[in-house]
Each structure stands twice: as C-alpha cells, then as structure tokens.
Amino acid sequence: PNPVAGYIGAEMGNEGRAGQQGGFLSQEIVTAKKLQWNRSVASQEVRQSQYAWEMQRQRVLTDVRRSFYDVLVAQRTVELSDQLARIGDEGVKSVEALMKAKEVARGDLLQARIEADTAKVLLERASNRHVAAWRNLAAVVGTDDMEPRPLAGDVQDGLLQLTWDDTFSRLLAQSPQLANAQTGVARAQAALSRECAGRVPNVELQGAVQYDNATRDTFATVQVGVPVPIYNRNQGNIRRAQAELLAAEREVQRVQLALRQRLAVVFEQYTNARFQVDKYQRDIVPNAEASLKLTTSGYKQGEYSYLSLLTAQRTFFQTNLTYLDALRELRAAATTIEGNLLSDSLQAGDSSDRGSSER
C-alpha cells in the first residue's frame, strides 16, 4: 500500500489566530505475510497461463504432424492409383488385340474395361484426397499459398513400439493439462493461506507535525490504529477458498481419469493399426507381390487366363492401398499419443479436455 500524505489543521479561529497547522503521513502495515501470499497466488496463475500456452503449442504440433503424414500417404496413394490406372488401360488394349485374334471372349474385354474404369475412379478419389490433405496442412500451418508439391519423407520412419503402462506413465508425467490442474491446486492452497492471513488485522500508523500559532510551539503526534475483528473474521472468504481448494483437488482427479479414458480410445486405435501394419508388412504385402509375379509369369506362358491376371493385379494394389490406410491410422494414433492427446488447434474455446478427434 502507498503511504497517505495530507494536511491537518485544528483550533483555527481560536482567539482570532490560525490555530494549529501542519501535515501528516500515514502508512498501512500489512501483517501476516498477506502480500507474499498475494504474490504466490499470482505466480501460480502465471504458471497456469504458461501451461495453457504449452497445451496450444502441442495441439499445433500434433495437427501439423498428422497433416504431414496424411499428405505423405495421399501422395503414395496417388502414385499407386495412377500405376493401377495405366495398367488397366494397357490391359484393355491387350485384351482388344487378343479379341481381334479371337483368343479371348467378349466377357474378358468387358471385365478389363470394368477394371480400367474402376482404377480411374480410384485415381480420381486419390487425387481429390491428396488436394484436400494439402489444404488441411496449409490451414494448420497457417498459410494460404501452399501449392501441392512432392513431400520428402517416409510414413514408416521413426515408428516406436508403445506399451500401455509406459505410455500412460509418460502421459501423466508430461501432460500440460494435468500440470495445469496441479498448479490450480497450488494456487488454491496459496489463496486459502491468504484468506486465513486475512483474519489478522493490518496496523495503521500515522504521524503528524503541527505548529501552534498561539504558543508558537511545534509539536508532533503519533497515532496507531488496529481493527478489532469482532464480527468479520474473514470467515466467508476462508470457506470459499476451502471449497475452491477441494474443487481444484477433484479437478486433478478428473483430469487424470479423462486422460486415461481418452488414451484408452487412442491406444486401441494404435494397437489395431500396429497389428494390421505389422501383418501387412510381414505377410500380406509380400504374399500379394509373390502372387502377382507368379500369375504374370504363368499368364505369359499360357497357364493362367487374363482374368486371373487382372484379379492378381487388383489384389496387389488393393493390398497396398489398405496397407497405406493402416499406416495412416497408425501414424495418426502415434502422433496423437506423442502430442499428449492434444489436437484440434484451430477449434474455438480453451477447454482443457479438448483432445484428439477421430479422422
């Protein structure tokens, strides 16, 4: 508190004189460390603001990383779809030539055209998905002049094997949401201590110097005042602070449970995608590739029909496309976990529960 300076006059007009004239200076002495507790409350609020900033920073990083891998997968999908479309067109030409030579039936030609048209539909969808993924990446990066271009990188690089116990422990240790709630408890404790200190009254000191025009004497006065806490012992504010402390402690428990609940959903997505990626990488994709090579070789030697070759080609490309989808899901789940379940950085509001959303 700032000191108070002022003018004081007394007995003015007595015997026609100016009376006693002077000035005073008063100061409130704050007791029971109230100012220190005020600063402690404010410092915890600053920490909460810092954690709120960190939460938003992690949301942005998660969104950018997920969007980056979405573009990578879409880019690879376009390449595969374009390759499938070209093979389909070549197949139609090949079957037309065979039909002119009366080596195949019209049904084979119709099937080849169906496969080629289906591949073109897949290519169109893949191209649109690639453009949409780029637009989403541009939005989360914060620019409107990002044109689609080839991205460097591999969606499989840096994938770690996660376990539930380690992941949940790391989340509790690193989550800014939980740290923000725990800081709320520290703030509430400091606020309660401040209100308890409010029961101790402050001391008011005042000193004055005056000149008596009658006696021509200069004299000083000192005054000390202390409020007597008879009725107001700050009991209302203390009870409110106690309730806020209890609410803050319950908020920590709620955030822990909310993190566990959200991690359970994302970890299920991660586990399913991890198993699918491993299975496709280890068995399904190699088998589809071997089947295509075997069928292609047998077709050239006249052992298989063109329809069998089409089936093998379709199986190979569909297998690779499904594998890419699984990789995208795995990356999305892993990135969300890495970002402490924080995403949706462009959504309005500052709810601490705002986390991952299904894409």
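In this predicted model, four strands form an open sheet in the order β1-β2-β3-β4, and their pairing is antiparallel. Strands β1 (4-10) and β4 stand at the edges of the sheet. Each of these two has a single partner strand, so one side of each is left without a neighbour in the sheet. On average, neighbouring strands are turned by 20° against each other, with direction ignored.

The pairings within the sheet can be followed strand by strand. Strand β2 covers residues 20-29 and pairs with β3 in the antiparallel sense. This pairing runs over 10 bridges. Within it, Q27 has L205 of β3 as its bridge partner. Strand β3 spans residues 203-212, and β4 spans residues 217-225. These two strands run antiparallel and are joined by nine bridges. One facing pair is E204 and G225, the latter in β4.

Strands β3 and β4 form a hairpin, with four residues between them. R216 belongs to the loop between β3 and β4. Most residues other than glycine have a negative phi. R216 is not a glycine, yet its phi is positive, at about 60°. The relative accessibility of R216 is 62%, so the residue counts as exposed, since the cut-off for exposed is over 50%.

The protein as a whole has six helices and four strands. Along the sequence, these elements follow the pattern β-β-α-α-α-α-β-β-α-α. Two strands thus open the pattern, and two more come after a run of four helices.

The helices come next. Helix α5 runs through residues 235-300 and has 66 residues. From its first C-alpha to its last, α5 reaches 94 Å. This is close to the 98 Å expected at 1.5 Å a residue. Helix α5 nevertheless contains a kink of about 50°, centred on Y280. Just after α5 comes G302, with a positive phi of about 80°.

Helix α2 has 36 residues, numbered 106-141. Its first and last C-alpha atoms lie 53 Å apart, close to the expected 52 Å. A glycine with a positive phi is found just after α2 as well: G142, at about 100°.

Helix α1 covers residues 34-100 and includes L61. With 30% relative accessibility, L61 counts as partly exposed. The C-alpha atom of L61 is 8.1 Å from that of S343, although the two residues are 282 positions apart along the chain.

A further positive phi is found in the segment after α6 (306-338), where L341 is placed. L341 is not a glycine, but its phi is about 65°. Its relative accessibility is 1%, so L341 counts as buried. R216, by contrast, counts as exposed.

The overall dimensions complete the description. The C-alpha atoms fill a box of roughly 140 × 40 × 30 Å along the principal axes. The radius of gyration is 38 Å, whereas a compact globule of 359 residues would have a value near 21 Å. Of the 359 residues, 35% count as buried. Among contacts with a separation of 6 or more, 75% are between residues 24 or more positions apart.

Conventions:
Residues are numbered from 1 along each chain as its sequence is written. This is a predicted model: local features need pLDDT of at least 70, side-chain atom pairs count only at pLDDT 80 or more; totals for chains, interfaces and linings use all residues. Side-chain values use heavy atoms; hydrogens and water are left out. The expected span of a helix is 1.5 Å times one less than its number of residues. The bend at a residue is the angle between axes fitted to the seven residues ending there and the seven starting there. Two strands pair if DSSP finds at least two bridges between them. Buried means under 20% relative accessible area, exposed over 50%, partly exposed in between (1.4 Å probe, protein chains only). Axes are lines fitted to C-alpha atoms, for helices over the stretch in contact, and angles run from 0 to 180 degrees between N-to-C directions. The radius of gyration is taken over C-alpha atoms; the globule rule is 2.2 Å times the number of residues to the power 0.38. Contact means heavy atoms within 4.5 Å.
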